There are 2 protein chains.
Amino acid sequence: MQNQIPARFWPHFSNRLRLLLLPVLAATAWSATLPLMPEPVKVVQQPGYLAIDSGFHAAIGGYSDARLQAALARFESQIARQTGLPISPSGDAKLQVTCQEGGSEYPTLGEDESYQLDVSASDAKLQARTVTGALRGLETFAQLIAPGPDGFQIPAVHIEDRPRFPWRGLMMDVSRHWMPLAVVERNLDAMAAVKLNVFHWHLSDDQGFRVESKVYPRLQQEGSDGHYYTQAQVREVVNYARDRGIRVIPEFDMPGHTSSWFVGYPALASAPGPYAIERHFGVFEPVMDPTREETYTFLDGFIGEMASLFPDPYFHIGGDEVKDDQWKHSAAIQAFMRAHHIATSRDLQAYFNHRVQELLKKHGKIMIGWDEVLVPGLASETVIQSWRGQKSVAEAVSKGYRSLLSWGYYLDHLQPASYHYAVDPMQGDSASLTPEQASRILGGEACMWAEYVDAETVDSRIWPRMAAIAERFWSPRDVTSVDSMYSRLPEVSRWLEWTGLRHRSNEGPMLDRLAGGEPSAPLRVLADASEALGFSGRRKAQKYTSLTPLNRFVDAAHPESPSVRRLENAVAALGTNPLAAAELRATMVVWAQSAARLQPLLANNGLLAEVAPLAQNLATAGKIGLRALDYLEHRQTPPAGWVNREQQELDRIDQPVAEVRLAAVRPVRMLLQALNGQSAAARRRDAR
Amino acid sequence: MQNQIPARFWPHFSNRLRLLLLPVLAATAWSATLPLMPEPVKVVQQPGYLAIDSGFHAAIGGYSDARLQAALARFESQIARQTGLPISPSGDAKLQVTCQEGGSEYPTLGEDESYQLDVSASDAKLQARTVTGALRGLETFAQLIAPGPDGFQIPAVHIEDRPRFPWRGLMMDVSRHWMPLAVVERNLDAMAAVKLNVFHWHLSDDQGFRVESKVYPRLQQEGSDGHYYTQAQVREVVNYARDRGIRVIPEFDMPGHTSSWFVGYPALASAPGPYAIERHFGVFEPVMDPTREETYTFLDGFIGEMASLFPDPYFHIGGDEVKDDQWKHSAAIQAFMRAHHIATSRDLQAYFNHRVQELLKKHGKIMIGWDEVLVPGLASETVIQSWRGQKSVAEAVSKGYRSLLSWGYYLDHLQPASYHYAVDPMQGDSASLTPEQASRILGGEACMWAEYVDAETVDSRIWPRMAAIAERFWSPRDVTSVDSMYSRLPEVSRWLEWTGLRHRSNEGPMLDRLAGGEPSAPLRVLADASEALGFSGRRKAQKYTSLTPLNRFVDAAHPESPSVRRLENAVAALGTNPLAAAELRATMVVWAQSAARLQPLLANNGLLAEVAPLAQNLATAGKIGLRALDYLEHRQTPPAGWVNREQQELDRIDQPVAEVRLAAVRPVRMLLQALNGQSAAARRRDAR
């Protein structure tokens, strides 16, 4: 094969490159690894397969209830969707689902979620103690179905499985950008698919109050632009989540992040107002007045109403990022502090938290708050959710509180899956805790803050990276191989489409929209080679508000490029896999042409003008890559200084353009590195 | 540019190739043509553009009602979807919508649908006599929005528009495969987008009875496998359609095509039964007994119930493909015929139709039926829907009936858009009618019979070809340029995605599903080069039933390949457009590699095994194409016999494989033809 790199090049690759070698060109090399995420505690694959055909169905053996029956109906329609088979049950049930008991109908913290799955060539058995355990096992079964020589099949396998942490969550901010019910529900389906069990619903913030209050209707009437969930919709979501073994934790952030409350109820604030829904992003001055009894009367009514709407015993009051300007400028508040010997603003917030905690207790709820709520005198049952890191987690649990880690799981930072995957709640300061203290680390939650996402883009900012985090929360602590994770992630990502997610399918129409009347194929090439910047990159780039359109190239581009990862693997495999060079060459030829092919799309198109330099950069990367491949292929030493000059060129085009990073630079850098290795070896040979 | 074909090649192209030349490489060459479909009666483009930004909104001037207000709300959310702008009305309304009157709230045959749209650089005015006219104009406005130098914009334009035919329909068969409510509703949205106004709902057939009857509940209980629309859902669909200016015509096919009725009510049949829901496709023996009074008592009750459920005055009774075996084998029926001097089975059906027509009249409905209902004595108000052609249409209208053409518009035959586009209700025998007779040709309906489609694939079998047929029904008779139609169709197809259709977005997941764990990109290449066979091709290929999975490659492949059409245009443009050769070469390189790249996907995959020869054929086409391009580019004469041999090879690979046609053969054939032209010219030169 013309483009094949001889195996003798192999020694020239550095150790870093060799580390990448194992999962060559995606799944092929990993055919023995089942495409499961999260990885189960124990998997023993056996010879043979169970065929899945149109007659496939599951039956309940033993305990049965409405939740389990609904789960089986959903499961069968999931199988129908993902296989395209017109499932029409006939013959014996191929899958027997046996639960010992129902467990709690509304899922509870620490409930038994274990299951055991046994698949043989003739049938399958799923056993679980509770219905929730059966739900988890059904997802495993569905993930395992794949095409085989005679149609769809599932491998014969023995699986034992249970979660590592009892609290495995996703927080979704629906305030900064509104997320319609359908977005919430499809994300709940996907959460269930990767065995997450807590939906943390960030329902209020400066930019919007998103739930209907019948007691204080001006909250949503004045504070939401008409974008809020009715109480009937909230109940629908709670039931939808419950059916999937997911708890729903509402968050009403207070006393800060409350501008939207004050539009309808300015008397709650620490300064007179009037107030408007905040359109900008950041930390703002409006903050509740903790010194007036009317504030607590209001919150008593509000929390009472919400406590009956949300069945979960846990209730999140936020408590983060409180600015004290309004407190400092209020003579009345300052007088109150002096009269009550409250020395600092932090103490004043502690006083507020204490009062709120009493109200929560009155209404049967347990408080959760962000790091900042952890102050002396906090009730011991409180759960601390840490955005600051394992040090905060360790501090909280060593003081007797329970804690969750969210630091390291901020999806809006658009870090690669490997970044989040490497973060463990039990790392750092948490690693040296006593077992008793460590047991109070309940798990973690990924956070989808919504400054730079809307209903169209949010799925692609959560998924598939959320699946890798779900594995961190569910799978045993020693499941840490980044290569294994990435070898499974693309397939899991495609499978997740069948839950109704649009993380992949929304990209095409968004690119079509940008391309105007032209076919968007060249734009897709650019998008595949690009990665969108996250929170800090976008915040720096321009002044966003909640009304800034999120319809640009950066919004269509994904946080992490699976195509580029495939090419990185191909570079690492140049010595061993004959397809690797062909794959690299084919891609880089297309890259080299990209600027020219994008010309007709960019002409006269104000939405795309900003990516013209990016297209030029991609063409440059392609040309450098092709030259490097030529040198490698012919074992030539490039002219003196060529590698250095091209590395500088790569540094230049590695700079973000239009809030997008050119991921294509990475495999080209690896090629230059391989060339350096080849040249050094040649020099050693010559010196002999 | 290396691959550019010198302009001197141009004379070598045949006339046929030159005809294809105008719309070179899709939209670029047609930038002056607005991407509107159906094309309006009169379009005068003016200098300048109206900007569409987040503040955009429309206002009602003059007549207002709930239907118009709802239309404007839908319109604004359509604009938000298609532009990605967070529409948040501010400032003055940029579009003023003025109707003179409401018109009928439920749309009526022949109502005024005209509108006039005037867009200037500062604002836009839409004027219509009725709300229905305003609905049509809003779709035109939405279609015109595109990205420009400063963001989204709409060109300044003066448009006058009105439909050519008052009856512009789509028939959807929901019996042979079940189509859930969401499928119906998204297709109604798309119908409205291209100004169709009749949804013909084929609700019963041998394979399923799809609507709830409260009077005869065993119809859906026994005859639907649980897949039917409740009466509440029917009302929802009727209102949904009404809001979009679309009438809903129910069809209950009788006396044949009625197996599903007889499962619950065997006494209706002409033979004792028992009956089962039919799983096969074809024309079957079960047929209603026209000789028993109980049949008419039943139909009286049934039609009465349905008449109140469906507000439209027209009611379709099918009447096609009646087998008379049961009648011939029934002594009682034969005795009845003798007693009533009914000579033939055809006369017996005429008797039945007459009785049914009386029942329809009693319940205030006008009968529609397929060709076969046209027998002497038929009431003059009847509408004949012709699946047989313009001859039938002409016969019906010359006898005083009104008529619709469906022949030539059978979407399930998967003909190219150009095929349907060339069919006109006024052609053939209809062309020689008197104006008075011709006025009784109401229009036409495209038919989506559902043997080989399901909820996942039906959109791609209707769209975008339906848009070309909609143009035939709406636009003036002289709008017949196939090139113009194809230059607009791809953009219209992409725009239609924003109505919620999945004709494009379902392809990717279907290919992913077939590809198993492997990335599906090489399969997408094959799909882009392929075209699915229609009704007759599939019927010949294997024995299908309603339970046969429709999850194969043929189901993911589309009826017509826009990529291949683009390449045909590129071949035609070789002499004039420098990009053409590059585009051809790039594509054919990828084709030539396709078999190799598909290898890992095909290994061990029983679902894909059947396309292995197709992949080989595509590689062959790519290789022939590349060689031909080389010869053309270097002005070389190929070796003697080469062109002939390769043409034979193309003939061989032009044979369908796995119910798929290799569309890629077409541009390669054109290249060989161009080569022949070049050689002939060279011979002429040498002979001089």
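Q: A salt bridge is a side-chain nitrogen of Lys or Arg that lies within 4 Å of a carboxyl oxygen of Asp or Glu. In this predicted model, what makes Arg247(B) and Asp312(B) such a pair?
A: The N to O distance between their side chains is 2.8 Å. The limit is 4 Å, so the pair qualifies as a salt bridge.

Q: Which parts of chain B does the pair of Arg247(B) and Asp312(B) link?
A: Arg247(B) belongs to strand 11 (residues 247-252), while Asp312(B) sits in the loop between helix 8 (293-309) and strand 12 (314-316). These distant parts of the chain are 65 residues apart.

Q: Why are Arg247(B) and Asp312(B) classed as they are, buried or exposed?
A: Buried means under 20% relative accessible area. Arg247(B) has 2% and is therefore buried; Asp312(B) has 0% and is therefore buried.

Q: How do you know that Arg168(B) and Glu113(B) form a salt bridge?
A: Their closest N and O atoms are 2.6 Å apart, and the 4 Å limit is therefore met. Arg168(B) is in strand 8 (residues 167-173) of chain B, and Glu113(B) is in the loop between strand 3 (95-99) and strand 4 (115-119), 55 residues apart. With relative accessibility of 0%, Arg168(B) counts as buried, and Glu113(B), at 3%, counts as buried.

Q: What does the salt bridge of Arg176(A) and Asp205(A) tie together, and why?
A: The two side chains meet at 3.0 Å, N to O. Arg176(A) lies in the loop between strand 8 (167-173) and helix 4 (181-193) of chain A, and Asp205(A) lies in strand 9 (residues 198-205), so the pair ties together parts 29 residues apart in sequence. Both Arg176(A) and Asp205(A) are buried.

Q: How many salt bridges does the rule give over all chains, and which residues are linked in a network?
A: The count over all chains is 84. Arg538(A), Arg552(A), Asp555(A), Glu610(A) and Glu659(A) are linked in a network of salt bridges.

Q: Why is Arg635(A) called partly exposed?
A: The class covers values between 20% and 50%. Arg635(A) has 33% relative accessibility, so that class applies. Its place is the loop between helix 24 (612-633) and helix 25 (642-653) of chain A.

Q: What makes the phi of Arg635(A) notable?
A: Phi is near 50°, a positive value in a residue other than glycine. Glu321(A) also has a positive phi, near 45°.

Q: Which residues form the positive surface patch, and how does Arg685(A) fit the cut-off for accessible area?
A: The patch consists of Arg635(A), Arg683(A), Arg684(A), Arg685(A) and Arg688(A). Patch residues need over 30% relative accessible area; Arg685(A) has 40%, and therefore passes this cut-off. Arg685(A) is in helix 26 (residues 665-687) of chain A.

Q: How do you know what kind of axis relates chain B to chain A?
A: Chain B superposes on chain A by a rotation of 180° with 0.0 Å of shift along the axis, at an RMSD of 0.0 Å. That is the relation of a two-fold axis. Among the residues of chain B, Ser505(B) comes closest to the rotation axis, with its C-alpha at 3.2 Å.

How values were computed. Residues are numbered from 1 along each chain as its sequence is written. Chains are lettered from A and ligands numbered from 1 in the order in which they are written. This is a predicted model: local features need pLDDT of at least 70, side-chain atom pairs count only at pLDDT 80 or more; totals for chains, interfaces and linings use all residues. Side-chain values use heavy atoms; hydrogens and water are left out. Patches are made of residues with over 30% relative accessible area and no salt bridge: like charges are joined within 9 Å, nonpolar side chains (Val, Leu, Ile, Met, Phe, Trp, Tyr) within 5 Å. Accessible areas come from the Shrake-Rupley method with a 1.4 Å probe; for residues, only the protein chains shown count as cover. Lys and Arg count as positive and Asp and Glu as negative; His and the chain ends are not counted. The place of a charge is taken as NZ of Lys, CZ of Arg, CG of Asp or CD of Glu. Helices (H or I, at least four residues) and strands (E, at least two) are DSSP runs, numbered from the N terminus. Buried means under 20% relative accessible area, exposed over 50%, partly exposed in between (1.4 Å probe, protein chains only). Copies are superposed by least squares on the C-alpha atoms of residues with pLDDT of at least 70 in both.
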